[in-house]
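Here is a quick tour of the fold for someone who likes the numbers spelled out. Have the sequence and the model open side by side while you read.

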Amino acid sequence: MVLQLGDIVPDFTQETSQGTISFHEWAGNSWVVLFSHPADYTPVCTTELGTVASLKPEFDKRNVKVLALSVDNVDSHKGWISDINETQNTTVNYPIIADPDRKVADLYGMIHPNSLNNLTVRSVFIIDPNKKLRLTLTYPASTGRNFDEILRVIDSLQLTDYHQVATPANWKDGDDCVVVPSIPTEEAKQKFPKGVTEVKPYLRMTPQPNK
């Protein structure tokens with residue numbers, strides 16, 4: 001199955017390190033970051049899970065739940081979590097899905113046979129409160145993910161969902177935004193009272209509307 005942006009993501013019921021969850025029900029009205037790992041006790045993933053634990057307050061204030069997945073079982077996850085807490089000086093404070101039967105991995109297309117045989121690749125899915133897929137990222141096993149970038153993307157998605165702007169290259173929260181092409185410049189000047197700078201007729205900038 002190939003998931004594409006805008007698709008309703010598959011539901012599932014699965015054991016996790018924090019008990020059984022039914023995914024859509026668990027997600028509720030929150031955004032979700034679902035991120036997968038090739039296996040337990042892998043070094044790069046250990047640093048990633050610790051980093052996400054330390055960033056959980058940042059996810060919380062954006063109404064984002066985080067959910068990890070690895071193909072090993074719950075007992076293995078719990079042992080690994082102890083190592084993560086010890087080595088990364090943190091406390092893993094979110095569930096890790098146990099997926100030994102590869103059920104969720106298959107639903108979400110996390111198995112890339114030419115890359116990792118029957119193990120999950122290092123995938124990221126950002127899912128909105130309507131259960132729609134809004135972003136996918138896939139990293140090689142050797143490269144740890146940049147979770148500051150994932151937070152940046154969430155900031156952009158949440159901003160652009162409610163205001164008729166887009167975010168330019170390297171944008172971060174508080175920077176100027178692009179006025180979407182569908183709004184004529186004169187209308188944009190009314191809509192964005194902080195000002196509109198016309199660089200080109202198709203490239204208009206405005207201060208971030210919600211700041």
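## The opening hairpin

Start with a pair of facing residues: T13 has S22 in β2 as its bridge partner. Strand β1 covers residues 13–16, strand β2 covers residues 19–22, and four bridges join the two in an antiparallel run. Together β1 and β2 make a hairpin, with two residues between them. For the bookkeeping, strands count as paired if DSSP finds at least two bridges between them. Helices (H or I, at least four residues) and strands (E, at least two) are DSSP runs numbered from the N terminus.

β1 also has two faces: Q14 and T16 sit on the covered one, while T13 and E15 sit on the uncovered one.

## What kind of model this is

This is a predicted model, with local features needing pLDDT of at least 70 and side-chain atom pairs counting only at pLDDT 80 or more, while totals for chains, interfaces and linings use all residues. Residues are numbered from 1 along each chain as its sequence is written, and side-chain values use heavy atoms, with hydrogens and water left out.

## The chain as a whole

The protein chain comes to seven helices and eleven strands. Its C-alpha trace spans about 60 × 35 × 35 Å along the principal axes. Of the 211 residues, 47% are buried; buried here means under 20% relative accessible area, exposed means over 50%, and partly exposed is in between (1.4 Å probe, protein chains only). Take the contacts with a separation of 6 or more: residues 24 or more positions apart account for 65% of them, where a contact means heavy atoms within 4.5 Å.

About 10,300 Å² of the chain is exposed, and carbon and sulfur atoms supply 49% of that area. Accessible areas come from the Shrake-Rupley method with a 1.4 Å probe, and for residues only the protein chains shown count as cover. On the charge side, there are 20 positive and 26 negative side chains, with the centres of the two sets 7 Å apart. Lys and Arg count as positive and Asp and Glu as negative, leaving out His and the chain ends; each charge is placed at NZ of Lys, CZ of Arg, CG of Asp or CD of Glu.

## The four-stranded sheet

Further along, four strands form an open sheet in the order β8-β9-β11-β10, with antiparallel pairing. β8 (165–166) and β10 (197–200) are the edge strands, each with a single partner, so one side of each has no neighbour in the sheet. As background, strands of a sheet pair through backbone hydrogen bonds, either parallel or antiparallel.

What does β10 pair with? Its antiparallel mate is β11 (residues 203–206), joined to β10 by three bridges. One facing pair to look up is K200, which stands opposite L203 in β11.

## Salt bridges

How many salt bridges does the structure hold? There are twelve, each defined as a side-chain nitrogen of Lys or Arg within 4 Å of a carboxyl oxygen of Asp or Glu. One of them links R134 and D161 at 2.8 Å, N to O. R134 is in strand β7 (residues 133–139) and D161 in helix α6 (residues 147–162), so this pair ties together parts that are 27 residues apart in sequence. Both ends are partly exposed, R134 at 23% relative accessibility and D161 at 37%.

Other pairs stay inside one helix. In α2 (residues 43–61), E58 and K61 are three residues apart, about one turn of the helix, and their closest N and O atoms are 3.2 Å apart. E58 is partly exposed at 26%, whereas K61 is exposed at 60%. In α6, R152 and E149 are likewise three residues apart, about one helical turn, with their closest N and O atoms at 2.7 Å. R152 is partly exposed at 25%, and E149 is partly exposed at 28%. Salt bridges with shared partners also join E58, K61, R62 and D155 into one network.

## One residue to click on

Q88 belongs to helix α3 (residues 74–88) and is partly exposed, with a relative accessible area of 28%. Which residues does Q88 touch, not counting those up to four places away in sequence? They are T46, T47 and G50. Q88 and D11 are 77 residues apart in sequence, and their C-alpha atoms lie 31 Å apart in space.
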